Protein chains: 2
Amino acid sequence: MSRTFEPDPARLSLNSATLRDQWTLAELIEACARHDIGAISPWRDKLDELGVARAAAMIRAHELTVTGLCRGGVFPAADAAGRRAAIDDNRRAIDDAAAIGARCLILIAGGLPPGSRDLVGARAMVRDGLAEILGHARSAGVPLALEPLHPMYCADRACVNTLDQALDLCDEIDPDGRVPDRSGHAPKAALGVAVDAYHVWWDPNHPAAIRRAGAHRLLGFHLCDWLVPTTDLLLDRGMMGDGVIDLPALREHVYGAGYDGFDEVEILSTRWWAVDGDEVVRTVKTRHLRCT
Amino acid sequence: MSRTFEPDPARLSLNSATLRDQWTLAELIEACARHDIGAISPWRDKLDELGVARAAAMIRAHELTVTGLCRGGVFPAADAAGRRAAIDDNRRAIDDAAAIGARCLILIAGGLPPGSRDLVGARAMVRDGLAEILGHARSAGVPLALEPLHPMYCADRACVNTLDQALDLCDEIDPDGRVPDRSGHAPKAALGVAVDAYHVWWDPNHPAAIRRAGAHRLLGFHLCDWLVPTTDLLLDRGMMGDGVIDLPALREHVYGAGYDGFDEVEILSTRWWAVDGDEVVRTVKTRHLRCT
């Protein structure tokens, strides 16, 4: 029932953040075609720069899959107007994701509003925000993939920090929702999770949480590595194989739970942003085969 | 049954790491007496520098409580000789903790051995190491306080990263152990946990885990704050009140669970290490009253 665990370059997706400083989205799309990479996952700033209609046309012309649009979420805000603006922005992101045929919209929770120490309150704002946009996502046929971020981002980026915490929200807000199947694969929940190696590898409970999620809620699988030492909290992520994450074991958990999507490579790294783009892509392909 | 939640400067303990660059242990002991601080918690390098016998005599002379000795643990190693050396070092640490009358020996798990990606294996080495030193700790009357460290230290410092993970180990290795009561307070488990605000604040399950630990396994309570932004993974911890942790709420959880020890201030910060020692101590006392 689950796919083989062999890495397959045709099932690679390239997240635009991996080549943030090298390429526009148009250049990324052309590079993926040139390197026989089957899918991309753009960030919204890159998408806005190219324009949604032009991006959709280029993606269709090159027959690329869009594994996700990065990213919505970021619900907590200091006041009602701020929270309303976040909801509106998420609706636009859902529409853009639908327009480019993205398999999901990646969401991060958001951190504490400036000056706040109310983590319980911020988490309640995340729950309320998710509940408010879910209907729009269902109508648009865009599953929402809540990506728990590493606990070191709790204060300023995302206060949802483990897969179980994300899955508790899924179970509460979307107990049995389904969206139309766009991909020809198993139907997906309207609200699920994205599993990013960088964020979950340390969690002793991540294998059980991945099983708990199941094919239905596993909407994305992101690869990179944890470097030792890590010199920057945000922009020192590693190429697969350069760090300490047991990626083959993680892959086996994810595919063993029925995940049927792509292996998306998302590496935020000032080091790799300084390397020639085609060289990065060749390294990604090699490392994907050798280290996952 | 539980103590009042009012901060009380007489129940402050000063961890030597807070004044790492300013003072020797002898100077720290004299400063605590000068500032009416009731307890200290030395790191082993400072203790070795002064000598255990001299330190014990000075601590007795100034009638200071020793809330803990920092630190043992660090069990994973690449080979059997390395693991044996860690056990031997932990036995020495237990003996030193007994010699200075420390209420516990603080343990951190240790990270992955160099070159290893086997996190499951490293965690098994932690369990085996704890089991091996527990008898010696019991005989010496020194409770072992396993301190889960923030998940960002999983690779290189400590692969026990949540209170629940630590408590699972306690329940497995020390299901009903007791050590003689040195403090005149409730009897303690031979193996328990230290709750450090910096490491646990993000965990959605920390309130439940603190209740789960109970007075019996709550062996230490460490205070500092999480700064936004955090610019260094290790040495950018904040003075209480300068960051985003809801310290009064955490304190209420800890004391509400029956904790009857000191509030220990441990701030690893290049910023504070550059400030005059007496000024740091005055700030610690003020902030303890105002922000916890």
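User: Before we start, what makes a residue buried?

Analyst: Happy to help! This is a predicted model, and burial is judged by counting C-beta atoms within 10 Å of the residue's own. A residue is exposed if the count is 12 or fewer and partly exposed in between, while the count that makes it buried is 20 or more.

User: Which residues of helix α4(B) are buried?

Analyst: Let's place the helix before looking inside it. Helix α4 of chain B covers residues 80-99. Its buried residues are Ala86(B), Asn90(B), Ala93(B), Ile94(B), Asp96(B), Ala97(B) and Ala98(B).

User: What covers the buried residues of α4(B)?

Analyst: The cover comes from helices and strands of chain B. Among the strands are β4 (69-73) and β5 (105-108). The helices include α2 (44-50), α3 (52-61) and α5 (119-140).

User: What length does α4(B) reach from its first C-alpha to its last?

Analyst: The helix has 20 residues, and at 1.5 Å a residue the expected span is 28 Å. The model comes close to that expected value, with a reach of 29 Å.

User: How many bridges pair β4(B) with β5(B)?

Analyst: Strands of a sheet pair through backbone hydrogen bonds, either parallel or antiparallel. Here, Gly72(B) stands opposite Leu107(B) in β5(B). The two strands, β4(B) and β5(B), pair in the parallel sense, and the number of bridges is four.

User: Which are the edge strands of the sheet in chain B?

Analyst: Chain B has an open sheet of nine strands with parallel pairing, in the order β3-β2-β1-β9-β8-β7-β6-β5-β4. An edge strand here pairs on one side only. That picks out β3 (65-66) and β4 of chain B.

User: Which strands pair with β1(A)?

Analyst: Try following the bridge partners. Ser13(A) has Glu264(A) of β9(A) as its partner, and three bridges join β1(A) to that strand. Asn15(A) is partnered by Ser41(A) in β2(A), again with three bridges in the parallel sense. The strands that pair with β1(A) are therefore β9(A) and β2(A).

User: What is the handedness of the crossover from β1(A) to β2(A)?

Analyst: The chain leaves β1(A), passes through helix α1 (residues 25-34) and arrives at β2(A). This is a β-α-β crossover, and its hand is right-handed.

User: Is Val74(A) buried, exposed or partly exposed, and which of these fits its neighbours?

Analyst: Val74(A) sits in the loop between β4 and α4 of chain A, and its phi is positive, near 55 degrees. It has 18 C-beta neighbours inside 10 Å, so Val74(A) counts as partly exposed.

User: And is Glu63(B) buried or exposed?

Analyst: Glu63(B) lies in the loop between α3 and β3 of chain B. Its phi is also positive for a residue other than glycine, near 50 degrees. With 8 other C-beta atoms within 10 Å, Glu63(B) is exposed.

User: Where does Pro229(B) lie, the residue after a cis peptide bond from Val228(B)?

Analyst: The bond from Val228(B) to Pro229(B) is cis, with omega near -5 degrees. Pro229(B) itself lies in the loop between β8 (218-223) and α9 (247-256) of chain B.

User: What relation links chain B to chain A?

Analyst: A turn of 180 degrees, with a shift of 0.0 Å along the axis, lays chain B on chain A with an RMSD of 0.0 Å. That is the relation of a two-fold axis.

Note on methods: Residues are numbered from 1 along each chain as its sequence is written. Chains are lettered from A and ligands numbered from 1 in the order in which they are written. This is a predicted model: local features need pLDDT of at least 70, side-chain atom pairs count only at pLDDT 80 or more; totals for chains, interfaces and linings use all residues. Copies are superposed by least squares on the C-alpha atoms of residues with pLDDT of at least 70 in both. A crossover is right-handed if, with the strands pointing away from the viewer, the path from the first strand over the helix to the second runs clockwise. The expected span of a helix is 1.5 Å times one less than its number of residues. Two residues are in contact if their C-beta atoms, placed from the backbone, lie within 7 Å.
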